[in-house]
Amino acid sequence: MTTTTTTSAVTDEPVTAIIPSWKTPIILGVFTILAFALFVFARRDSDESTFRISTPSDAIQVPELVLPTFLTGMIVIALLAVLAVFATVVVARGGKPRLWVSIVFAVLFLWGFLAWAGAGSSLPLYGLLVGTITLSVPLIFGALGGVISERVGVVNIAIEGQLLAGAFSSAVVASITKNPFAGLLAAGLAGVLVSMILAAFAIKYLVDQVIVGVVINVLVVGITSFLYSQVLQDDVPLLNTPVKFDVISIPLLSEIPLIGPALFRQTFIVYLVYVAVAAVWFAMFKTKWGLRLRAVGEHPKAADTVGINVRAQRFWNVSLAGLIAGFGGAYFTLGSVGAFNKEMTAGAGFIALAAVIFGKWDPIRATLAALLFGFASNLQSVLGIIGSPVPSEFMLMLPYVVTIFAVAGLVGVSRGPAASGKPYVKS
C-alpha cells in the first residue's frame, strides 16, 4: 500500500490517504495468462505426467503419481484465475491481499508447470527436494551470517569472500588431518578472519562498508586462486583431497516418503544448519544478546546511552557472522563437491545477501528465501535431465525469474535496520 499525507481544510490536521497497490493483482494476472498460453497453446503431445515420490531404497514405497497433463493444466489455470480475481477484489475494496494468496498461487503455478514440463517423463519429486537442500545449505549459512551482521549495523557484502575462504581452508585442513571436523573448524576460523578485516575497516576506520566488502571479495578470490594454482595443484593428494562427512540416516525419520531422504538422510553439516537456524532465531528474538544486537542496529546512540558498547557489539557480532558463513563454505568441500576449485562458490554469497533482503532481515524468512533460490536452481538441472522442452536459455535464467517473482509478488517493500551501513561515532 502507498500512503500520502494531505492537510484538512477544516482542522488543519494532517490526513493520511491510503492508495491501494495493484502490484500483486497485476503480477498474478500476468502469470495466469502465461499459464494459459503455456498449458493450452503449447500443449504437450503426451497427456500423462508421472511423479516419482519414493526412492528405490525407501523402506516405504509410495506408488507413482500419474496425472492427466492437459486436465491438470486446466484445473490449475482455473484456480489461478480465482486467486487473481480474489486479489483484485481485495485491492479494489481498499485492502491488501494476504501473503497466503501469493504463496498458494506460486505453489499451484509450479505444480502445473511441473506437470506440463514432465509430460511423457518420470519426474523425481524426491530428487527435487534433495537437490534443493544440497544447493541451499551454503546459502542458508551465508544468509544467517548476513542477517546477524546487518542487524547489528554492518552491511555484509563480503559473504562471498567468507564462503570462499571457508571452502579453501576446510579443503586444506581436512586433507592434511584426514578429519572433516577439523576442516569445519578451520572454515569457521577463516570466515572470522575475513569478517574481522571487514569489521576493522568499517567500524574502526569508518570506511564505506559496501566498498570494503567488494574489495574483500576480490582479495579472497585472488588469494585462493593463487594458492590453488601455485600450492594445491602441486600436491593434490596431500592438500586437496579432503575427507568428506559421511551421510547419517536418522532412524524412522529417514524412511518417511519424500521428505525423509531430503531432510533426514544428510551429512553433519546439513543437520548443523537446522540447529543454526533455530539458534539464531531464538537468540536474536528471545535473549538479552539479541535485544542488544537489534538495538545497536536500529538506534546505536540510544544503545550507547544505556551503556552498550556499540563498537564492541558490532565487531564481535560481525565476527560471529563470519564464523557461520565460513561453515557454509565448508559445505562445498566437505559435504558436496569434495575438492577445492577456483571461485567454486560461484556467486553464492551474493545470492545469500539477496536472501537476507528477501527475508526482511529475519532468520526464518531468509532461510525460506534461500530454499526458494536453491529449489529454482535445482529445478533447472532436473528439467534438463528429463529432457524437458523448456529452452536451455530459459532454464539458465529460471532461478532468477523465480527470484524476481518472489521479490515483486511475495516480499514487497523491505526496510532494513535503520542504522545498517552507517558508521557510529561516539559524541
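So, R43 lies over the face of F70, at 3.9 Å from the ring centre. Please keep in mind, everyone, that this is a predicted model. There is a second contact of this kind: K204 lies over the face of Y205, at 5.7 Å from the ring centre.

Let's stay with R43 and F70 for a moment, as both help to line the largest cavity. That cavity has a volume of about 60 Å³, and the structure holds three cavities of 30 Å³ or more. Which elements give two or more residues to the lining of the largest cavity? They are α2, residues 69–92, and α3, residues 99–117. Among the other lining residues you'll find F39, D47 and W116. By class, the lining has four nonpolar, four polar and three charged residues.

Now, on to rings with rings. The count here comes to 15 aromatic pairs. Take F168 and F340: their ring centres are 5.2 Å apart and the planes stand at 85 degrees, so this pair is edge-to-face. F168 belongs to helix α5, while F340 is in the loop between α13 and α14, so the pair ties together parts 172 residues apart in sequence. Both F168 and F340 are buried. Together with Y228, they form one aromatic cluster.

My last pair is Y271 and Y274, with centres 5.9 Å apart and planes at 70 degrees, so again edge-to-face. Here both partners sit in helix α10, three residues apart, about one turn of the helix. Buried or partly exposed, what is Y274? Its relative accessibility is 31%, so Y274 counts as partly exposed, whereas Y271, at 15%, counts as buried.

Technical notes:
Residues are numbered from 1 along each chain as its sequence is written. This is a predicted model: local features need pLDDT of at least 70, side-chain atom pairs count only at pLDDT 80 or more; totals for chains, interfaces and linings use all residues. Side-chain values use heavy atoms; hydrogens and water are left out. On a 1 Å grid over the protein atoms alone, a cavity is a set of points where a 1.4 Å probe fits but cannot get out, and a pocket is an open set with protein on both sides within 12 Å along at least five of seven lines; lining residues have an atom within 4 Å of a point. Grid points are joined across faces, edges and corners, and a volume is the space filled by probe spheres set on the points. Helices (H or I, at least four residues) and strands (E, at least two) are DSSP runs, numbered from the N terminus. Ala, Val, Leu, Ile, Met, Phe, Trp, Tyr, Cys and Pro count as nonpolar, Asp, Glu, Lys and Arg as charged, and the others, Gly among them, as polar. Rings of Phe, Tyr and Trp (its six-membered ring) pair if their centres lie within 6.5 Å; planes under 30 degrees apart count as stacked, over 60 as edge-to-face and the rest as tilted. Buried means under 20% relative accessible area, exposed over 50%, partly exposed in between (1.4 Å probe, protein chains only). A charge sits over a ring if NZ of Lys or CZ of Arg is within 6 Å of the ring centre and within 35 degrees of the ring normal.
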